[in-house]
Amino acid sequence: MNSKHGELRVLMFPWLAHGHVFPFLELAKGLVKKHFHVYLCSTSINLDSVRNSLNNDNDGHIPIELVELPLPSLPDLPPHYHTTKNIPPHLMPTLMKAFQMSAPAFSGIIADVKPDLLIYDGFQPWAARAAAAQGIPPVLFCTSGSTSLAFFHHHHTHKSWDTFPSDAIRLKEHEKRAMIAIKVENVDDGDFIFGIFKLSCEIVLIKSYRAFEGKYMDYLSSLCERKLVPTGPLIAHGDDEGVDDQDLEMMRWLGEREEGSTLYISFGSENYVSKEQMVEIAKGLEVSGVNFIWVARSPVGDDAAVPEGRREKGVVVRGWAPQAAILGHRSVGGFMTHCGWSSVTESVYYGVPMVAVAFKADQPVNARLAVEAGIGVEVERGEDGGFDGEGVARAINEVFVEGREGFRRRVGELREKMKVEEEEAMNQVVEELSRISNKGRRQYTKD
Ligand SMILES: O=c1ccn([C@@H]2O[C@H](COP(=O)(O)OP(=O)(O)O[C@H]3O[C@H](CO)[C@@H](O)[C@H](O)[C@H]3O)[C@@H](O)[C@H]2O)c(=O)[nH]1
């Protein structure tokens, strides 16, 4: 990197989830290319994944300084659970607690690094306060979409799920029941989810783009009284854990399938379907007859319900799949997803329509957004959120057969608009960060 006069020193601090660390890392890479000096702070296990990604990056070595956050040792929380990836769900509150307890250590890191800016995540309002206390402007970076954040913000302000100003975005009763914020000791919900915007200095960065979410972005901006600066999709190209023999075999298999014939099934880095749900998905695959690649991970190894896959019809991946490479493959024609925001973004980026099975948090809202945009369908759900094989087969059929051309055309159009916005987004992010940083008055040296 050519260090230039006016180089800004930015400390980036994501929540300990894969779906947060990697968008932060992609943003970090973009900033380094614009001659920022970037420090990325996380736990040792997350930094190991980041190091792998940096080593595998097509652009060669990227000089991001990795700073380790020491978590206090708590019973049940060995260092390999200092990340949400593969953590048993019952240990999530313990991880949140340990993370909060690391606040004093993080203050020490700020004092050592002395950055011009902190880019922090919504899970740690305490980090923004620690930066402000040391005179460092904190900037919130949201790795979730504008629509879900606007939806939750609206609920917080108006105490209603049903008055959100878009009929397309409504929660079902079972989803409302499930929308109970994670309770963490010493954290007020208002502070945890919404106060974070007010702690952010003038602007909020958001992993989004206007073509998909423009109207919801504007509404969120009005609710949180901050200027929203979209970063674009931030697709993590080097986000694979190294290609192994299983991956090579699967990609070879995929290469022998017809164009657009295969359904990719994955539910993100921290969500698991139950054994019963696996059985229903398997039935749906059987009825629809579609080719499939199914990433079936379980924290307790309870994935016996997953069919081994008839050799010529499907491949079951037990572990981590190279999602970007799969979605970018010409043989893939649909993505059965939980609608985590990165998965939705990648689906659009690679022009693949979605079969949505949302579970929690922002996912139901993201699923409604995909349906509103005409780039996905949702699997029908019962009163309790359950689904059956027939419903799964119907949804697959709609994407692969009945609505095939329309879905592919619309997601293709959105993809083109996203790419146009992507090119401009990083320039705008750089302008805004330069403006509000402690060195804001210095002339920023552009490429
Ligand atoms: O086998 C796998 C599984 C996942 N991924 C990648 O992991 C990321 C998963 O991100 P996302 O789709 O956002 O899902 P989660 O990991 O479940 O994300 C959490 O964080 C998101 C962003 O805040 C929220 O939208 C979700 O609800 C929340 O579960 C994506 O980049 C995938 O490409 C792989 O590469 N291989």
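# A walk from Tyr 264 to the ligand

Select Tyr 264 to begin: at 1% relative accessibility this residue is buried (under 20% relative accessible area, where over 50% is exposed and anything in between partly exposed, with a 1.4 Å probe and protein chains only). A word on ground rules: this is a predicted model, in which local features need pLDDT of at least 70 and side-chain atom pairs count only at pLDDT 80 or more, while totals for chains, interfaces and linings use all residues. Residues are numbered from 1 along each chain as its sequence is written, and side-chain values use heavy atoms, with hydrogens and water left out.

**Stop 1: around Tyr 264**

Tyr 264 sits in strand β8, residues 262–266. Strands here are DSSP runs of E of at least two residues, helices are runs of H or I of at least four, and both are numbered from the N terminus. Now show what Tyr 264 touches: leaving aside residues up to four places away in sequence, the list includes Ile 293, Val 295, Ala 321, Gln 323 and Phe 335. Contact means heavy atoms within 4.5 Å. Draw a distance from the Tyr 264 side chain to that of Gln 323 and you'll find a polar contact at 3.0 Å. That term covers a pair of N or O atoms within 3.5 Å; within protein, one must be able to donate a hydrogen and the other to accept it, and residues adjacent in sequence count only if both atoms are side-chain atoms. Add Met 354 too: 90 residues from Tyr 264 along the chain, its C-alpha is 9.5 Å from that of Tyr 264.

**Stop 2: the ligand**

Keep Ala 321 on screen, since this Tyr 264 neighbour is also among the closest residues to the ligand, along with Ser 269, Ser 343, Glu 346 and Asp 362. How many residues surround the ligand? Select them and you get 22, each with a heavy atom within 4 Å.

Zoom in on the polar atoms. A polar backbone atom of Ala 321 is 2.7 Å from a ligand nitrogen. Ser 343 brings a polar side-chain atom to 2.5 Å from a ligand oxygen, and a side-chain N or O atom of Asp 362 is 2.5 Å from an oxygen of the ligand. Of the 690 Å² of accessible area that the ligand has on its own, the protein covers 97% (Shrake-Rupley method, 1.4 Å probe; for residues, only the protein chains shown count as cover).

Next, colour the shell by element. α1 (18–33) and α13 (341–349) each supply at least two residues, and α13 gives the most, with 4. By class, the shell has 4 nonpolar, 14 polar and 4 charged residues.

**Stop 3: the two domains**

Colour domain 1 (8–236 + 423–437) and domain 2 (245–413) separately; the bounds come from an automatic or database domain assignment. Their C-alpha centres lie 27 Å apart. At the interface, 36 residues of domain 1 are in contact with 31 of domain 2. Each domain also gives the ligand shell at least three residues.

**Stop 4: His 82**

Head to the loop between β3 (65–68) and α3 (92–101), where you'll find His 82. Is His 82 buried or exposed? Buried, with a relative accessible area of 10%. A polar atom of its side chain is 3.3 Å from the backbone oxygen of Leu 77. Beyond residues up to four places away in sequence, His 82 touches Leu 77 and others, among them Leu 16, Thr 43, Asn 46 and Leu 95.

**Last stop: zoom out**

In cartoon view, count 16 helices and 13 strands. Buried residues make up 59% of the 447 in the chain.

Conventions:
Ala, Val, Leu, Ile, Met, Phe, Trp, Tyr, Cys and Pro count as nonpolar, Asp, Glu, Lys and Arg as charged, and the others, Gly among them, as polar.
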